Amino acid sequence: MTAQFFGLTEWLFRFSHSLGRAEYNGTGFRRPVDLALGADDFVYVLNRSLENRPDAVRVTVCTLDEQYIGEFGSYGEGDGQFIWPTSIVLDSEGNVYVADEWLNRISVYTKDGEFIRKWGVPGSNDGELDRPAGLVISEDGTLFLTDSRNHRVQKFTLDGQYLGQFGRFGNQSEELNMPWGITLDKDGQVYVADWRNDRVQVFTPEGRWQATFGRSGTGNGELRRPNSVAVDKDGIVYVVDWGNHRVQIFNPDGRHITTLKGDNVLSQWAINKLTSNPDLLRQWVLAEAWDSTVGKRFALACSVKVDDQNRILVLENTRNRIQVYQKARTPVLVGGLDAANN
């Protein structure tokens with residue numbers, strides 16, 4: 001058979017590496033819920049921790065090659081503290097915004113973790129919040145927020161002035177049921193992970209419905225409680241399919257491309273912890289002998305982000321780590337039979 005190329009392309013998604021391990025402070029994460037990408041490959045990881053260990057509620061700052069930078073924030077209701085953090089995002093100046101669904105407020109920090117201000121009040125009126133879940137900031141400095149139990153998206157200035165809203169409760173187009181993750185594409189269109197409706201909806205910045213994709217189920221292109229969404233510079237859409245423990249990838253028109261299920265390899269932080277703790281190492285060896293694929297797979301993935309280098313970061317809540325993939329373009333091989341095979 002003679003191979004021929006006709007200029008078509010397809011995408012490949014290759015596993016690169018993992019970072020993170022379970023820790024209540026320092027070099028690791030504890031029940032993380034979201035991450036944000038900063039300059040110089042900095043990663044800000046928002047840790048919600050466990051109900052009985054609120055001392056681990058914090059933001060961990062590290063790099064993609066696992067250099068530990070520091071941490072900030074703590075459990076509480078005071079300035080710079082949070083109770084049930086849900087989302088984290090950076091503005092164009094590197095300032096950090098954290099949503100808290102218990103306190104119904106947004107806390108703002110410098111890139112170094114110094115508290116600047118907070119805003120937000122509970123309620124259902126314009127500008128009020130009931131379990132804010134997802135945050136994203138547009139190029140013009142508008143903050144879009146999924147107001148989950150008010151079943152809407154609200155827009156604010158960066159200092160908390162109300163600008164508008166869209167969405168209402170329901171399961172029809174333009175309607176939402178506990179929206180969670182939110183992102184923007186390069187044209188400013190708004191993608192919302194419509195959690196209880198098991199779908200993603202696309203809106204203009206003004207809130208006009210554009211498209212819906214996904215439906216309830218476990219098959220390709222089907223979703224079970226999607227909780228995070230990202231769009232890269234080529235318009236490829238990444239959806240964390242939380243209930244199915246996977247990330248599904250779609251073309252801009254909503255057609256399913258492929259599914260990521262996890263390919264973890266131990267990070268250096270994890271290796272250091274295992275080699276320093278014989279009991280923990282023994283448990284890990286036994287688990288690998290029982291089923292070596294279990295530790296590779298996603299377990300309650302909760303956030304996906306894509307950077308300008310087409311690196312895809314998938315954060316896992318229960319396994320306290322980030323799996324990193326690299327997107328690459330490759331020609332599609334189209335075969336043509338040569339004379340000998342005809």
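**Burial, sheet edges and a surface patch in a predicted model**

Student: In this predicted model, is T63 buried or exposed?
Tutor: T63 has a relative accessible area of 5%, and the cut-off for burial is under 20%. The residue lies in strand β4, which covers residues 58–63, and beyond its sequence neighbours up to four places away it touches L19, D41, F42, V43 and I69. Because its relative accessible area is 5%, T63 counts as buried.

Student: Which strands stand at the edges of the open sheet of 4 strands?
Tutor: The order of this open sheet is β18-β19-β20-β21, and its pairing is antiparallel. An edge strand has a single partner, so one of its sides is left without a neighbour in the sheet. The strands in that position are β18 (179–184) and β21 (209–213).

Student: What is the bridge partner of T183 in β19?
Tutor: Strands β18 and β19 run antiparallel and are joined by 4 bridges, with β19 spanning residues 190–194. Strands of a sheet pair through backbone hydrogen bonds, either parallel or antiparallel. For T183, the bridge partner in β19 is Y191.

Student: Is V285 buried, partly exposed or exposed?
Tutor: V285 belongs to helix α2, which runs over residues 278–290, and together with L281 and W284 it forms a nonpolar surface patch with about 230 Å² of accessible area. Values between 20% and 50% fall in the intermediate class. Because its relative accessibility is 43%, V285 counts as partly exposed.

Definitions and conventions. Residues are numbered from 1 along each chain as its sequence is written. This is a predicted model: local features need pLDDT of at least 70, side-chain atom pairs count only at pLDDT 80 or more; totals for chains, interfaces and linings use all residues. Side-chain values use heavy atoms; hydrogens and water are left out. Helices (H or I, at least four residues) and strands (E, at least two) are DSSP runs, numbered from the N terminus. Buried means under 20% relative accessible area, exposed over 50%, partly exposed in between (1.4 Å probe, protein chains only). Contact means heavy atoms within 4.5 Å. Two strands pair if DSSP finds at least two bridges between them. Patches are made of residues with over 30% relative accessible area and no salt bridge: like charges are joined within 9 Å, nonpolar side chains (Val, Leu, Ile, Met, Phe, Trp, Tyr) within 5 Å. Accessible areas come from the Shrake-Rupley method with a 1.4 Å probe; for residues, only the protein chains shown count as cover. A salt bridge is a side-chain nitrogen of Lys or Arg within 4 Å of a carboxyl oxygen of Asp or Glu.
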